[in-house]
Amino acid sequence: MKPQEMIAAIRAGKMDENLRAVYVTDAYVEQQKPRYIMLLEEFIKLFGDEREVIITSAPGRTEVCGNHTDHNNGKVLAASINLDAIGVVAKSEEPIVRVKSVGHAMNVVDITRLSPDEAEYGNSTEMVRGVIAKINDWGYTIGGFDAVTTSDVMGGSGLSSSAAFEVLIGTTVSCLYNEGKISAVEIAKAAQYAENAFFGKPCGLLDQMASSVGTFVTIDFESTEDPIIKKVDFDFSKSGHSLCIIDTGGSHSDLTDDYAAVRMEMESVAAAMGKRVLREIPFEDFKAAVPNLIGKVNDRAILRAFHFYNENLRVDRAVSALESGDFEAFKQVICSSGLSSYMYNQNVFSPSNALEQKLSVALCISQELLEGRGAFRVHGGGFAGTIQAFVPNELLDEYKAAMESVFGEGKCYVLIIRPVGGTRVM
């Protein structure tokens, strides 16, 4: 369809099933329609109404369990959410890719020049170039296109807005030029490659994989070259719960040392035992070595190592609970994960600013309201930012009101687990 034809189809309700396959509920479908129409109108303003267009989508993600485990080759459980990046896209005859994100400058990539340039690190255009470069390296078809995009994945929220954008580009190339045959895993790896080699950020694969694969997904990073990826079969819409992400405020800009210390301290334990990362050491061997580790590494490193090993076990238990349909057992695992992050991994507040503990306040209020009925834990890297809660639907209004009375209106995001990852919507 051409853009105006697609706008008419959306307004007439002819695209409702397409939208429902992605956004699940009638309420979310209705919320999306003005957003899609707005983006189609933006495309017309920039690129006209003469070409056939498609619309692609890639979701943000939430880390469900496996807090600070991936960097030591551990296990994680993540899920895609209903917040996403979407793009209206048309093929171009030129070897040029133009991507205009609403509110940002145009990204322009000459696809005859697909080499990384360190001078361009941190430039979003290089994310586009890097994804296309890796897809080209694998022998898939690439070509020019014009796109306008928008995203409601909040930056700095721990929901991976950058991964959603990268996966959106990969999904677009797959759908435009390869009949959708580039796998979700390949798209995720292309997105990670773009961020590492072209954008200059040494991220792991978790964010991109959760966005690309969709729904609940568990990843075992024992082999970082060939991680074991498994989609978890669970219909969250039937759980009787809502997923809430609470933005407690606070800046991540001065927390780099805190994040780095988690990884370095875990690896210091591994190094003291002659290995590179903790995953290379059996849990029983680590426990037996604790008396000899005292004095060789700091005490917090030992606590963080205990967190790592037990968090891997919790991921297994969480996956098993979901697969067996036991959401009550799943919630118990999530609460246990949160307690371990607080007590042993110690990433709920920064030791350099111990008087600011908004994550702790949010967790405390969550315990008062949800203990025995819901689940709650720090979300993402921690030290500042967001917490996650699984809230029984009958408590949702009370919980949301309590959180927003403390942290501000609109700071409690009520989300759903989206059933698909990167996809063509229309």
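Residues are called buried here when their relative accessible area is under 20%, exposed when it is over 50%, and partly exposed in between, with a 1.4 Å probe and protein chains only. The model is predicted, so local features need pLDDT of at least 70 and side-chain atom pairs count only at pLDDT 80 or more, whereas totals for chains, interfaces and linings use all residues. Numbering starts from 1 along each chain as its sequence is written, and side-chain values use heavy atoms, with hydrogens and water left out.

We can turn to the aromatic rings. A pair of aromatic rings is described by the distance of the centres and the angle of the planes. Rings of Phe, Tyr and Trp (its six-membered ring) are paired if their centres lie within 6.5 Å; planes under 30 degrees apart are stacked, those over 60 are edge-to-face and the rest are tilted. The count under this rule is 18 aromatic pairs. In one of them, Tyr23 and Tyr36 meet edge-to-face, because their ring centres are 6.3 Å apart and their planes stand at 90°. Helices are DSSP runs of H or I with at least four residues, strands are runs of E with at least two, and both are numbered from the N terminus. Tyr23 belongs to helix H2 (residues 16–23) and Tyr36 to helix H3 (residues 26–47), so this pair ties together parts that are 13 residues apart in sequence. Both Tyr23 and Tyr36 are buried.

Phe283 and Tyr309 offer a stacked pair, because their ring centres are 4.7 Å apart and the planes are at 10°. This contact links distant parts of the chain, with Phe283 in helix H9 (residues 283–293) and Tyr309 in helix H10 (residues 299–323), 26 residues apart. Phe283 is buried at a relative accessible area of 17%, and Tyr309 is buried as well, at 7%. One aromatic cluster is formed by Phe216, Phe234, Phe236, Phe327, Phe330 and Phe390.

Charges over rings come next. The criterion is that NZ of Lys or CZ of Arg is within 6 Å of the ring centre and within 35 degrees of the ring normal. Lys287 lies over the face of Phe283, 4.3 Å from the ring centre, and Lys134 lies over the face of Tyr193 at 4.2 Å.

Finally, the cysteines. With a disulfide taken as a pair of cysteine sulfur atoms within 2.5 Å, the count is zero. The sulfur of Cys65 has its closest cysteine sulfur in Cys335, and it remains unbonded because the distance of 11 Å is too far for a bond. Cys65 is buried at 0% relative accessibility, while Cys335 is partly exposed at 25%.
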